[in-house]
Amino acid sequence: MSGQALKDLNTMPASERKNDNSSKGNFTKPHSENGNLEEKHRKTTASVVETVTSGDESVKTEVEVGNIEIEYIESENLNDVEDVDMTLKALLAGLDSKDWVLVCESLNDVRRISIFHKESMFNMLENVIPLIVKSLKNPRSALCKTAIMTSADVFSAYSDHIIDSLDPLLLQLLLKSSQDKRFVCEAAERALIAMTAWLSPILLLPKLETYLKHRNPRIRAKASMCFCRSVPRLGVEGIKAYGIDKLIQIAASQLSDQLPESREAARTLLLELQTVYEKCSVPTQTAVPEEDSVPTQTPVPEEDSVPIQTPVPEEDSEMGSWEHFCQSKLSRLSAQAVLRVTNVAREGIALGY
């Protein structure tokens with residue numbers, strides 16, 4: 001009996017410990033926490049960050065982006081918001097949230113409202129744009145790209161209405177278009193193209209001029225490309241009003257820039273300016289002979305009209321030539337560089353290259 005009793009005493013604590021361990025609430029809290037995570041999954045369209053719980057459930061670590069997929073929806077595939085008023089009320093808080101997935105959703109809401117209800121967000125733009133800039137500065141690439149796509153939609157929806165808030169947005173887009181991550185860089189370049197397409201060049205060009213002298217050569221290069229795209233949108237009269245002499249000086253300064261993108265943009269701009277200049281100067285050259293040619297139809301003043309006709313067109317063509325214009329507006333070396341570019345391009349066109 002004593003042996004059996006001893007055996008029972010030896011076996012009972014182990015059984016009790018086993019039952020005790022199984023009866024403790026170690027599994028109830030993770031179950032409750034998993035329930036919270038499932039609820040969070042339902043609230044977001046993207047995969048939500050998983051929470052890893054340590055023994056005392058007080059330490060939580062965030063799983064990195066590898067387990068999270070953010071869908072980049074093109075503008076034409078975006079659907080309208082379900083409730084505009086509710087979306088607008090939650091918009092600023094969502095954009096300023098510490099939950100980056102929620103920020104992505106809020107940025108997509110900005111895109112939807114810009115496309116389907118742009119008037120309703122008009123008065124909020126001065127608060128919305130700084131928060132877009134904040135997301136552009138975020139090191140998380142998925143959030144940054146979503147903010148870039150939002151910028152493009154804001155440009156197309158509000159165009160010149162955002163010109164007063166453009167500077168910080170423009171700087172970030174120039175920076176992002178210059179970085180090494182290809183998918184971010186390409187998205188930023190598309191946003192810059194949208195900017196030059198939707199904003200009036202007369203307002204945009206002074207903004208871009210600042211970045212043509214930036215100390216970062218990549219920013220200068222991207223700004224040069226934007227500047228080159230914007231100038232033709234001025235039209236002939238717009239270029240004359242803006243100052244063709246000012247524009248040729250800007251283009252000449254970019255010809256000697258460090259990066260080839262800047263130099264190529266400058267060459268493209270100079271060819272555009274040469275075309276515009278020659279269009280503007282042709283009417284003044286042809287109008288003079290037409291007026292002087294009227295007396296030549298009568299026999300009497302024909303002899304007197306000969307010495308008047310020949311010198312005037314020659315002087316006008318010499319003084320009004322593209323070469324003379326470049327030499328009068330630029331330093332000797334800059335004028336030579338500009339003429340070399342435009343003459344080579346013209347020779348190539350003449351030869352059919």
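Me: Before anything else, how do the residue classes work here?
Reply: Ala, Val, Leu, Ile, Met, Phe, Trp, Tyr, Cys and Pro count as nonpolar, Asp, Glu, Lys and Arg as charged, and the others as polar. Keep in mind that this is a predicted model.

Me: What makes the lining of the largest cavity eight nonpolar, three polar and no charged residues?
Reply: Go through the names: L212, S224, F227, C228, I250, A251, Q254, S262, A265, A266 and L269 line that cavity. Ser and Gln are on neither the nonpolar nor the charged list, so they count as polar, and that covers S224, Q254 and S262. The rest of the lining is Leu, Phe, Cys, Ile and Ala, which count as nonpolar.

Me: Which elements give two or more residues to that lining?
Reply: They are α10 (217–230), α12 (244–254) and α13 (260–292). α13 gives the most, with four residues.

Me: How do you know that the cavity makes the count?
Reply: The count takes cavities of 30 Å³ or more, and there is one. The largest cavity holds about 50 Å³ of space, so it passes the cut-off of 30 Å³.

Me: Why is α4 called oblique to α5?
Reply: Helix α4 (residues 100–116) and helix α5 (residues 125–136) pack at about 135°, with axes 12 Å apart. Over 145 would be roughly antiparallel and 65 to 115 roughly perpendicular; the angle of about 135° falls in neither range, so α4 is oblique to α5. Their crossing is left-handed.

Me: Which residues make that contact?
Reply: V103, L107 and V110 of α4 meet V128, I132 and S135 of α5. By class, that's five nonpolar, one polar and no charged residues.

Terms used
Residues are numbered from 1 along each chain as its sequence is written. This is a predicted model: local features need pLDDT of at least 70, side-chain atom pairs count only at pLDDT 80 or more; totals for chains, interfaces and linings use all residues. Side-chain values use heavy atoms; hydrogens and water are left out. Axes are lines fitted to C-alpha atoms, for helices over the stretch in contact, and angles run from 0 to 180 degrees between N-to-C directions. Angles under 35 degrees count as roughly parallel, over 145 as roughly antiparallel, 65 to 115 as roughly perpendicular and the rest as oblique. A crossing is left-handed if the near helix is turned anticlockwise from the far one by less than a right angle, and right-handed if clockwise. Contact means heavy atoms within 4.5 Å. On a 1 Å grid over the protein atoms alone, a cavity is a set of points where a 1.4 Å probe fits but cannot get out, and a pocket is an open set with protein on both sides within 12 Å along at least five of seven lines; lining residues have an atom within 4 Å of a point. Grid points are joined across faces, edges and corners, and a volume is the space filled by probe spheres set on the points.
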